[in-house]
Amino acid sequence: DPFTQFNYPELLQRHFWNGRFFTDDLQKKAYVAGDANIFPFLSGLLKDEEKLRSCLQAMQEAGLDEPFPLKYTAHRKSAEFRWQEKVALPNYEGNAIWMHLGPLYVRLVKALDAEKAKAYKQAYQTLIEQHRNFYEVFTAAGRRYRSWYYSASPGMLWAANYVTL
């Protein structure tokens, strides 16, 4: 295995940890990104409860869990994406809420705060019952994501992540 020579937990922390949360990329811009702060723990690379608490706190302070988890970012000021998104998919990877990330985030929260995780799960249940579906992505305001070009996919297999809660 040519990868055993690398210490991935050390590399991840050295290049992406800013003292409060993991930065989204090597540009190290000061915004909090949801995916960058859940996968180090979900992947098993890190088992540091103090860092997990810090990341969860940073995501919550940035509002990535409101009205339900999990937004990619709080706003688009610091995050730049492809021109296609600006034209056809506005804010698709900005502060849109991604349902494949949310339950994964809730699993991490559950390890530290069972009551908060229970409230998140209830919010998902209400959402699923309201829409009678598990949509792929929502707007920051909690509505199904739509643009002139694209409408969030219904009945996503990502609902399996919800079932694990």
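A salt bridge here is a side-chain nitrogen of Lys or Arg within 4 Å of a carboxyl oxygen of Asp or Glu. A search of the whole structure finds four of them. The model is predicted: local features need pLDDT of at least 70, side-chain atom pairs count only at pLDDT 80 or more, and totals for chains, interfaces and linings use all residues. Residues are numbered from 1 along each chain as its sequence is written, and side-chain values use heavy atoms, with hydrogens and water left out.

**View 1. Arg14 and Glu10 form a salt bridge in helix 1**. The closest N and O atoms are 2.7 Å apart. Helix 1 covers residues 8–16, and the two partners sit four residues apart in it, about one turn of the helix. Helices (H or I, at least four residues) and strands (E, at least two) are DSSP runs, numbered from the N terminus. Arg14 is partly exposed at 46% relative accessible area. Glu10 is partly exposed too, at 33%. Buried means under 20% relative accessible area, exposed over 50%, and partly exposed in between (1.4 Å probe, protein chains only).

**View 2. Glu49 pairs with Arg53 in helix 3**. Their closest N and O atoms lie 3.0 Å apart. Both residues belong to helix 3 (residues 49–61), with four residues, about one turn of the helix, between their positions. Glu49 is partly exposed, at 45% relative accessibility. Arg53 has 44% and is also partly exposed.

**View 3. Lys51 forms a salt bridge with Asp48**. The closest N and O atoms are 3.7 Å apart. Lys51 counts as buried, at 15% relative accessibility. Asp48 counts as partly exposed, at 28%.

**View 4. The whole chain holds seven helices and two strands**. From the N terminus on, the elements run α-α-α-α-β-α-α-β-α. The C-alpha atoms fill a box of roughly 45 × 40 × 35 Å, taken along the principal axes. The radius of gyration is 16 Å, which agrees with the value near 15 Å for a compact globule of 165 residues. That radius is taken over C-alpha atoms, and the globule rule is 2.2 Å times the number of residues to the power 0.38. Of the 165 residues, 42% count as buried.

**View 5. Contacts in the chain reach across the sequence**. Residues 24 or more positions apart account for 60% of the contacts with a separation of 6 or more. Contact means heavy atoms within 4.5 Å.
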